[in-house]
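Time to open the model and see how one helix sits in its surroundings. My notes go below the picture.

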Amino acid sequence: SGTGKSVLVHNVRNALSEKSNIVFISGKFDQLQQVEPLAAITSAFSNHFANIAQKGQERIKQTKNAIIEEVDSDISVLAQAIPSISNIIGKLDIAPIHVGGMELENRFNFIFEKFVRSIAT
């Protein structure tokens, strides 16, 4: 702790944000939130979705369409892990997921990869 990692991230973000087509997403791990394993990722995407919302309805629509096209019916898996996604795609009726252990982890990893791919293009 105290080695300047946050300052480094901030400086890289500023340097990249000068280029118009680059989006830099970052989250900060908080030791007090160790109980929530995806806290840094959730925080990073919450900030990203807030930035998208500030860019207007057309940008929200583009992002929503890209996510739905890539992730499709598995969007509820993401919505459970990243609740702020509903700010982009709308409210969902989330059905409980009836898988556990490694199957759930593998499913989430696969869907998360598709999700990141959808917003990275």
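These entries go from the core to helix H3 and then to its pairing with H2.

I'm working from a predicted model, where local features need pLDDT of at least 70, side-chain atom pairs count only at pLDDT 80 or more, and totals for chains, interfaces and linings use all residues. Numbering starts from 1 along each chain as its sequence is written, and side-chain values use heavy atoms, with hydrogens and water left out.

**Core.** I looked up the largest nonpolar core (buried Ala, Val, Leu, Ile, Met, Phe, Trp, Tyr and Cys residues joined through side-chain atoms within 4.5 Å) and found 20 residues in it. Phe-49, Ile-67, Leu-78, Ile-85 and Phe-115 have the most contacts inside it. Among the elements giving it two or more residues are H2 (39–54) and H3 (57–71); helices here are DSSP runs (H or I, at least four residues).

**H3.** Which residues of H3 are buried (under 20% relative accessible area, 1.4 Å probe, protein chains only)? I get Ile-60, Thr-63, Ile-67 and Val-71. They cover an arc of only 70 degrees around the axis (directions from axis to C-beta atoms), so they sit on the same side of H3. The face turned away carries Gln-57, Glu-58 and Glu-69, which are exposed (over 50%). Just after H3, Asp-72 has a positive phi of about 55 degrees.

**H2 and H3.** Their axes (lines fitted to C-alpha atoms over the stretch in contact) come within 7 Å and cross at roughly 135 degrees. In contact (heavy atoms within 4.5 Å) are Phe-49, Ile-52 and Ala-53 of H2 with Arg-59, Ile-60, Thr-63 and Ile-67 of H3.

Notes. Axes fitted to C-alpha atoms, helices over the stretch in contact; angles between N-to-C directions.
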